[in-house]
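This report describes how a sheet and the helices beside it are arranged in a single model. Please look at the sequence and the structure before reading on.

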Amino acid sequence: DSKASSEAAPLYWKTSKFTVLEQGSFWLSETTDVMSLGWDAAYYRTCSYAALLHKTSGTLVLAFNTHVENAHAEAKDGGTRLIVERMKALQKKYTALGYGENIAVFCTADYNCKPGSTGYQNMASGFSDMRLIADSLGSDINQITCHGYGSSASIIDHIFLDPRGAN
């Protein structure tokens, strides 16, 4: 809604399986560290992230979760560009720290963006759509988005990842 106090994009993980190396959130706006509306947004939006080290395998998981603006194209564009920038920056940081290719990076979200839209293309420019990966493995990808208001005729929820670390 339009009240920042109700905005959240939580991440959950099993503490018995993962060690948290870093976690935080940022606003989907030009002033990411200050509660703010981004671009032409009608709603406050955040993105949460965590760097999680899998205790058994040593794989580093960089997990992001968000809910992108639904009403205005400029905010969708700016928000998704910002998310890709932050995902790549965190991946670069941990690659430099020696984790190399043993990094799984993904972002789950209600992107409010249909495949082919600018926001979708921003995400797809840096990461792969898990739906398309699943399709290549024989899964049914023609699933529409469902929510508390009923079903939508559109696919607007996506998982984007770097497939190099997806195993």
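Which residue is the bridge partner of Phe64 in strand 4? In this predicted model, the bridge partner of Phe64 is Cys107, and this pair belongs to the parallel pairing of strand 3 (residues 60–67) with strand 4, which are joined by 8 bridges. Between these two strands the chain passes through helix 1 (residues 73–99), forming a β-α-β crossover that is right-handed.

**The sheet**

The sheet is open and consists of 6 strands in the order 1-2-3-4-8-5, with mixed pairing. Strand 1 (18–27) and strand 5 (128–129) stand at its edges, and because each has a single partner strand, one side of each is left without a neighbour in the sheet. Three of the pairings are set out below.

| Strands | Sense | Bridges |
|---|---|---|
| Strand 3 and strand 4 | parallel | 8 bridges |
| Strand 4 and strand 8 | antiparallel | 5 bridges |
| Strand 5 and strand 8 | antiparallel | 2 bridges |

Individual residues can be placed within the two antiparallel pairings: Phe106 has Leu161 of strand 8 as its bridge partner, while Asp129 is partnered by Phe160, also in strand 8. Helix 2 (residues 118–126) packs on the sheet, where it touches strand 4 (103–110), strand 5 and strand 8, and its direction makes about 20° with that of strand 8.

**The two helices**

How do helix 1 and helix 2 lie with respect to one another, and at what angle do their axes cross? The axes come within 8 Å and cross at roughly 10°, which means that helix 1 is roughly parallel to helix 2. The crossing of helix 1 and helix 2 is right-handed. On the side of helix 1, the contact is made by Lys76, Asp77, Thr80, Arg81, Ile83, Val84, Met87 and Lys88, and on the side of helix 2 by Thr118, Gly119, Asn122, Met123, Ser125 and Gly126. Sorted by class, the residues in this contact of helix 1 with helix 2 are 4 nonpolar, 6 polar and 4 charged.

Definitions and conventions. Residues numbered from 1 in each chain as written. Predicted model: local features only at pLDDT ≥ 70, side-chain atom pairs only at ≥ 80, totals over all residues. Heavy atoms only, no water. Pairing = 2+ DSSP bridges. Helix = DSSP H or I, 4+ residues; strand = E, 2+ residues; numbered from the N terminus. Contact = heavy atoms within 4.5 Å. Axes fitted to C-alpha atoms, helices over the stretch in contact; angles between N-to-C directions. Right-handed = clockwise from strand over helix to strand, strands pointing away. Parallel < 35°, antiparallel > 145°, perpendicular 65-115°, else oblique. Left-handed = near helix turned anticlockwise from the far one by under 90°. Nonpolar A, V, L, I, M, F, W, Y, C, P; charged D, E, K, R; others polar.
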